[in-house]
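Got your viewer open and a selection box ready? Load the model, switch to cartoon, and let's walk through it one stop at a time.

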Amino acid sequence: MRNGIKGIRRVSAVAVTAGAVLTAGAFTAPAQAAAPKTPAIAAKGGFVMNNGTGKTLFTKAADTRRSTGSTTKIMTARVVLAQSNLNLDSKVTVQKAYSDYIVDNNWASSAKLIVGDKVTVRQLLYGLMLPSGCDAAYALADKFGSGSTRAARVTSFIGKMNSTAKSLGMTNTHFDSFDGIGRGANYSTPRDLTKLASNAMKYSTFRTVVKTKSTTQKVSTKSGGYRNMSWTNTNALLGTYSGTLGVKTGSGPEAKYCLVFAATRGGKTVIGAVLASSSVTNRTADAKKLMDYSFKK
């Protein structure tokens with residue numbers, strides 16, 4: 001009889017133990033997904049934020065001043081779009097000075113504007129942001145600067161770029177050119193360029209232009225006829241990264257390879273910049289890594 005009682009006790013103990021395990025399991029919180037691993041990027045500087053909340057998602061030497069190359073042209077476009085009573089369809093006659101500027105500067109990328117053609121401000125913005133035309137940047141600075149000479153107008157326009165930077169809280173930024181081909185005093189930071197891009201994206205025309213992969217624009221010729229100008233965006237993220245919104249590439253002997261980028265997925269928009277990456281391929285890869293990481297945070 002005692003053996004039987006011992007057997008019952010053993011079975012009861014096992015049952016109680018199993019019940020305790022089951023009960024504990026029922027109330028144990030599920031394991032949380034591991035935090036995404038911070039990516040390593042080739043760029044010397046980088047920054048990403050949530051464009052909706054302003055929350056910082058990634059930093060690497062985010063406030064170190066560096067040459068910006070043609071990412072400067074984001075500010076060129078921003079100054080133009082902020083003009084009061086702006087008429088995007090007003091026409092600008094292409095001057096020989098714009099094409100001469102391309103010839104005189106080895107690193108100057110071109111929209112291939114033709115002297116004597118009449119192009120609209122809207123078309124100049126496409127020529128500025130897609131093929132990164134320094135001739136288009138020159139034309140816009142000449143058009144929207146103030147003064148009786150071209151030199152005075154350009155100086156005035158660059159002044160507007162710097163005053164706009166100050167108003168946006170870009171405390172580590174200075175421009176000495178309208179296109180990024182500076183004279184040693186054209187610099188910004190990943191954080192500041194992200195602030196600028198976030199603000200520029202509030203303009204619908206800017207959003208439309210920087211998201212455009214390619215365009216063909218009909219412009220008026222000197223003789224009164226028409227020609228088609230075709231421009232392709234230098235931003236390799238377009239068409240290769242789902243949700244890409246833009247924004248702008250940049251390069252130069254000092255700047256190396258830069259990219260300001262933005263994308264939206266699942267109702268979340270991330271925006272950021274990488275400066276001084278090691279190649280065209282790596283700046284794109286850097287941006288993709290940072291966006292993948294930021295969407296998981």
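In what order do the five strands of the open sheet run? Select them and read across: β2-β1-β11-β10-β9, with antiparallel pairing. Keep in mind as you click around that this is a predicted model.

Look at the two edges next. β2 (56-60) and β9 (244-252) each have a single partner strand, so one side of each is left without a neighbour in the sheet. Now tilt the view along the strands: neighbours in this sheet are turned by 5 degrees against each other on average, direction ignored.

**Stop 1: strand β11**

Select residues 268-277, which make up β11. Is this strand largely enclosed or not? Nine of its 10 residues are buried, so β11 is largely enclosed by the rest of the structure. Buried here means under 20% relative accessible area.

On one flank, add β1 (residues 45-50), which pairs with β11 in the antiparallel sense over six bridges. To find one of them, pick Val-48, whose bridge partner in β11 is Gly-272.

On the other flank, add β10 (residues 256-265), joined to β11 by eight bridges and again antiparallel. Zoom in on Arg-265 and its bridge partner in β11, Lys-268. You're now at a hairpin: two residues lie between β10 and β11, and Gly-266 in the turn has a positive phi of about 55 degrees.

**Stop 2: out to β2**

Go back to β1 and step across to β2. These two pair in the antiparallel sense over four bridges. Phe-47 makes a handy landmark, with Thr-59 as its bridge partner in β2.

Then show helix α7 (residues 190-200), which packs on the sheet and touches β1, β2, β10 and β11. What angle does the direction of α7 make with that of β11? About 140 degrees.

**Stop 3: the nonpolar cores**

Switch to side chains. Which members of the largest nonpolar core touch the most others? Met-129 and Phe-206, out of 62 residues. Colour helix α5 (residues 134-144) too, as it gives the most to this core, with eight residues.

Centre on Met-129 and show its contacts. Leaving out residues up to four places away in sequence, Met-129 touches Lys-73, Ile-74, Ala-77, Phe-206, Val-209, Val-210, Asn-233, Val-247 and Lys-248.

For the last selection, try Ile-41, Phe-261, Ala-287 and Phe-295: they are among the 17 residues of another core, which lies apart from the one around Met-129.

Definitions and conventions: Residues are numbered from 1 along each chain as its sequence is written. This is a predicted model: local features need pLDDT of at least 70, side-chain atom pairs count only at pLDDT 80 or more; totals for chains, interfaces and linings use all residues. Side-chain values use heavy atoms; hydrogens and water are left out. Buried means under 20% relative accessible area, exposed over 50%, partly exposed in between (1.4 Å probe, protein chains only). Two strands pair if DSSP finds at least two bridges between them. Axes are lines fitted to C-alpha atoms, for helices over the stretch in contact, and angles run from 0 to 180 degrees between N-to-C directions. Contact means heavy atoms within 4.5 Å. A nonpolar core is a set of buried Ala, Val, Leu, Ile, Met, Phe, Trp, Tyr and Cys residues joined through side-chain atoms within 4.5 Å.
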